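Dear colleague,

Please find below the structure that I am handing over to you. My notes on it follow directly after.

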Amino acid sequence: MNLPDSAQALSSNQAGQLDAALRLLRAGKIGEALALGQRLADEAARAPDAHQLLAMCYAEAGEGGEADKAFRRALELAPNNPLVLVNYAAMLRRFGRANDALGVYRRAVEAAPNLVKAWVDLGLTALEAGQVTQALAALEHAVELQPDSALAWHALGNARRAGDLMESAETAFRRAVALAPSSGSAWVNLGVVLRLLGRANEAIACFDRAEKAGYAGPELRDVLAGSLLDAGRFAEATEQARRLTREHPDFVPGHLTLAHLLWEHGPSLEAEGAVETLRASVQRRPQNVPLRLAFTNVLLSAGLTDEALGQIRALQAKGNDPMLTALEADALEMLGHSEQAGVLYAKVHAIIGKADPAFLNSYTRHLLRAGKLEAAAERAAEATQLDPNNQEAWAYLATVWRLANDPREQWLCDYERLIGQVDVEPPAGFASEADFLSALKSTLEPMHQASREPLQQTLRAGSQTPGRLFGRPDAVIEATQVTLLRSIQRWLATLPTDAAHPFLMRRAPSVRFSGSWSVRLRSSGRHVNHIHPEGWMSSAFYVSLPPSVAAPSAADDHPGCIQFGQPPVELGLDLPARRVIRPEAGKLVLFPSYMWHGTVPFQDEQPRITVAFDMTPIGG
């Protein structure tokens, strides 16, 4: 390296000592390596390589502070040495200092603009820090510098996936597996993206390639079970999940996958068996805290709140923390012990509340139930400040403003302007709307194999298709997606922009579908009032309606209708809907994802079938 006047190079003897220390590190003899590294740094006090070696030894010994000092000394002697910068940044990243590491990686790429490893590590670190835009820029540059780097393409695929750029993520992962076909992890990631694109059978093939490439682990079994479910292979999915829990009993997602499969797709008696299966797993492994915590959340979702509270208190006996206290407050609130819950919510808020939007939303729910509107508004506002796109927090603000007769409710929700009823033209190849809807109904009905609704969702007395609907290799589904997108784009063009409005400020010419599914409601079926936390805009497209919904017996009856603006019943607010829309087959309803919405139950032998999807804006 070119050294500044203040630095020196190692002598041949000192270089030998450095090599010996590195061999000791590789052999795991950290204490011996550290002792040799310290002697070398003392002997060659102006040699950056000596201080870098010492820093690496300290890092392996787990002494991050001492490693930091040694790296800083090396950089005082060689400020622009890219190898030292990259190793220093890697140490910072290893010790959880991603933001500090980013600054050092930027120095490294400035010092060595063609160093691909530095660009890749910069991108991966930015991704870990949640800075997706920066990650994408760094990794796009990395593949430009080295188009045959499988590592760079793999990293770029991860960044594109994090940015919800699924189609381009597929392109990156395909390039990665073409360059490194033995990379099991690249095949897994390609499979995950294909599943998210609705192409379950292609995903399954990728997971098979990953296994043949030597990739092993519970994560592979878990995503395979989910993909088999998406592909309609329910028995195979359940067997895969059972095998996963047998072979990897400490892998919590596997237990949850099995529980959800049994709840939603098993015979009616197995719905209760889903909870019992998870309960038995907890009893076999009582020391697995994450498993008990997952079981507690399932109990809360299933309405078994007393048992959930018992689990929470058992966990607290092993060591309390604010999140367990928040969960205890949630359980007490559900059981009607609002005063006790309020004390706990306030306690947690003083510790972590202002940094956790999910907790702030829970606290806001409690305050709304308690009629403390001013405090509820403060907590919801804190959540939107932390996360300006937090749909649940905006829903609570709308409710607070409504209860306070604040005109900002109308500004935020504007139930006439921001809810669209849109005509959808039949796709090319269909002679009429009736032909199109009939074909779509025939396509969707075989996908509804679940015996009951998902465990942790708002659907009641019905079923939901698994996985992503859009993207499936089906001509009718593909045509539906295309014609719906055209209708959405036309409606978006009619909306104004408003830089201060959480929905209108994000208005763009088009959208990306972030989730898509079909719902089939049986008689007495409904959606309880809810919002869509992962969307910006949400929807309901009516495919088939029973006679009691399409033509009710009285004009003022609302069976099967969609209603807006009425908060969930568990808030105890007794507020009527702001707007009710009667479904029409072939019509699409669009609305902001933060807007409370649900459906009115109906009684009919025929089902109510819809396609629904969440969207995020693109093209602005």
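**Cysteines and helix α3**

C57 has a relative accessibility of 0% and therefore counts as buried. Please bear in mind throughout that this is a predicted model.

C57 belongs to the buried residues of helix α3, which also include P48, H51, L54 and Y58. The helix covers residues 48–60. Ten of its 13 residues are buried, so that α3 is mostly covered. From its first C-alpha to its last, α3 reaches 19 Å, close to the 18 Å expected at 1.5 Å a residue.

A second cysteine, C561, is also classed as buried, because its relative accessibility is 1%. Which cysteine sulfur is closest to that of C561? The closest one is in C413, at 20 Å, and this is too far for a bond. The cut-off for a disulfide is 2.5 Å between the sulfur atoms. The structure as a whole holds zero disulfides.

**The three-stranded sheet**

One open sheet has three strands in the order β6-β5-β8, and their pairing is antiparallel. β6 (579–581) and β8 (597–599) each have a single partner strand and stand at the edges, so one side of each is left without a neighbour in the sheet. On average, neighbouring strands here are turned by 25 degrees against each other, direction ignored.

Strand β5 comprises residues 562–564 and pairs with β8 in the antiparallel sense over three bridges. Within this pairing, I562 has T599 of β8 as its bridge partner.

**The six-stranded sheet**

How are the strands of the six-stranded open sheet ordered? The order is β1-β7-β4-β9-β3-β2, and the pairing is antiparallel. Its edge strands, β1 (420–423) and β2 (459–464), each pair on one side only. Neighbouring strands of this sheet are turned by 30 degrees against each other on average, again with direction ignored.

Within this sheet, strand β3 (residues 510–527) runs antiparallel to strand β9 (residues 608–618), and eleven bridges join the two. S516 has F613 in β9 as its bridge partner.

**Aromatic contacts**

The count of aromatic pairs comes to 13. One of the pairs is formed by Y396 and W596: their ring centres are 5.7 Å apart and their planes stand at 55 degrees, so the pair is tilted. Planes count as tilted when they are neither under 30 degrees apart (stacked) nor over 60 (edge-to-face).

This pair links distant parts of the chain, as its two residues are 200 residues apart. Y396 lies in helix α23 (residues 391–403), whereas W596 lies in the loop between β7 (587–592) and β8.

Are Y396 and W596 buried or exposed? Y396 counts as buried, because its relative accessibility is 2%. W596 has a relative accessible area of 7% and is therefore buried as well. The cut-off for the buried class is under 20%.

Two further aromatic features may be of interest to you. Y345, F359 and Y363 form one aromatic cluster. R452 lies over the face of W263, at 3.9 Å from the ring centre.

Yours sincerely

Technical notes: Residues numbered from 1 in each chain as written. Predicted model: local features only at pLDDT ≥ 70, side-chain atom pairs only at ≥ 80, totals over all residues. Heavy atoms only, no water. Pairing = 2+ DSSP bridges. Helix = DSSP H or I, 4+ residues; strand = E, 2+ residues; numbered from the N terminus. Axes fitted to C-alpha atoms, helices over the stretch in contact; angles between N-to-C directions. Buried < 20%, exposed > 50% of the residue type's maximum accessible area, 1.4 Å probe, protein only. Phe/Tyr/Trp six-rings, centres within 6.5 Å; stacked < 30°, edge-to-face > 60°. Lys NZ or Arg CZ within 6 Å of the ring centre and 35° of its normal. Expected span 1.5 Å × (residues − 1).
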